[in-house]
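Visitor: Could you take me through one part of this structure in close detail? I would like to see how a helix sits against its surroundings.

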Amino acid sequence: MSMRAGEVQLSVVMPVYNEADSIEAIVEDLGRELLPLVETFEVIVVDDASSDETPRVLDRLAQDRPWLDVLRAEQNAGHGPSVMRGLALARADWVFQLDSDGQFVVADFTKLWSLRESCDLVLGVRVDRHDPLHRLLLSRTVRIATSLLAGRRVRDANTPFRLLRRSVFTDLEGCLEPQTLAPNILVTLGAVVRGWRVVDVPVTHLARERGVSTLRKVRLLRFSLRGLSQLVAFRYRLARASPRVVETSAGELS
């Protein structure tokens with residue numbers, strides 16, 4: 001049974017591709033951590049045309065979890081478009097987005113959730129990263145480029161462990177393209193530039209124990225160059241966008 005009808009307090013968006021070895025544990029963690037914390041929630045899993053056992057595992061898990069909604073792409077589109085699809089379908093005022101590779105501790109969500117009243121975007125910053133050297137170098141490049149374009153230091157713009165107010169995505173959606181390669185970076189940049197309240201929270205980052213990253217070496221370089229061009233183009237669109245209407249404490253618009 002799906003929970004696509006009715007109101008929910010929290011939407012969880014999780015893209016997945018060939019994560020048959022880890023996806024069940026993550027779904028179980030989400031249920032265990034969220035059920036006592038949030039009265040109503042939905043977990044939107046966007047399966048990017050997995051070719052392993054992931055679809056069958058998800059089908060089995062969804063049978064007795066009414067909060068689990070599995071969307072399956074007919075063709076592999078990539079991580080970014082999968083995230084965009086999930087964000088567009090999220091219905092709650094708050095959206096928790098995480099990856100499905102098992103490199104985060106779902107229990108750390110409570111750190112983000114506790115700050116929701118005082119901010120609009122909470123970034124789970126990977127202070128102690130457990131990734132290969134080439135990925136660490138790429139993250140450093142992203143940090144420098146995003147900070148320059150934002151006009152302030154941004155520690156972990158691409159973290160796939162984040163809680164955002166739905167209105168942040170709505171505000172930026174017109175400047176984002178459906179085929180965006182790295183929407184997390186763009187959303188972080190856009191939130192900073194548009195004056196949304198963005199905070200960092202240190203979270204645990206684990207070494208990848210199962211599966212293999214789909215972005216490696218030469219492919220990663222091509223991806224990075226395309227992503228950088230999309231980032232610069234996005235910043236240009238932000239500069240031309242209408243100013244954001246901000247609500248004052250009295251509920252008036254300014």
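Guide: Here is a close look at helix 1 and its neighbour, helix 2. This is a predicted model, in which local features need pLDDT of at least 70 and side-chain atom pairs count only at pLDDT 80 or more, while totals for chains, interfaces and linings use all residues. Residues are numbered from 1 along each chain as its sequence is written, and side-chain values use heavy atoms, leaving out hydrogens and water.

Let's start with length. Helices here are DSSP runs of H or I with at least four residues, and strands are runs of E with at least two, numbered from the N terminus. Helix 1 has 12 residues (23-34), so at 1.5 Å a residue it should span 16 Å, and its end C-alpha atoms are indeed 16 Å apart. The expected span is 1.5 Å times one less than the number of residues.

Next, its buried residues (under 20% relative accessible area, with a 1.4 Å probe and protein chains only): they are Ile23, Ile26, Val27, Leu30, Gly31 and Leu34. They cover an arc of only 140 degrees around the axis, which puts them on the same side of helix 1; the arc is that of the directions from the axis to the C-beta atoms. Among the elements covering them are strand 1 (10-16), strand 2 (41-47) and helix 2 (54-62).

Now for the pair. The axes, lines fitted to C-alpha atoms over the stretch in contact, come within 10 Å and cross at roughly 25 degrees. Helix 1 and helix 2 are therefore roughly parallel, the word for angles under 35 degrees. Their contact (heavy atoms within 4.5 Å) is made by Ile23, Glu24 and Val27 of helix 1 and Val57, Leu58, Arg60 and Leu61 of helix 2.

Terms used: Buried < 20%, exposed > 50% of the residue type's maximum accessible area, 1.4 Å probe, protein only. Axes fitted to C-alpha atoms, helices over the stretch in contact; angles between N-to-C directions. Parallel < 35°, antiparallel > 145°, perpendicular 65-115°, else oblique.
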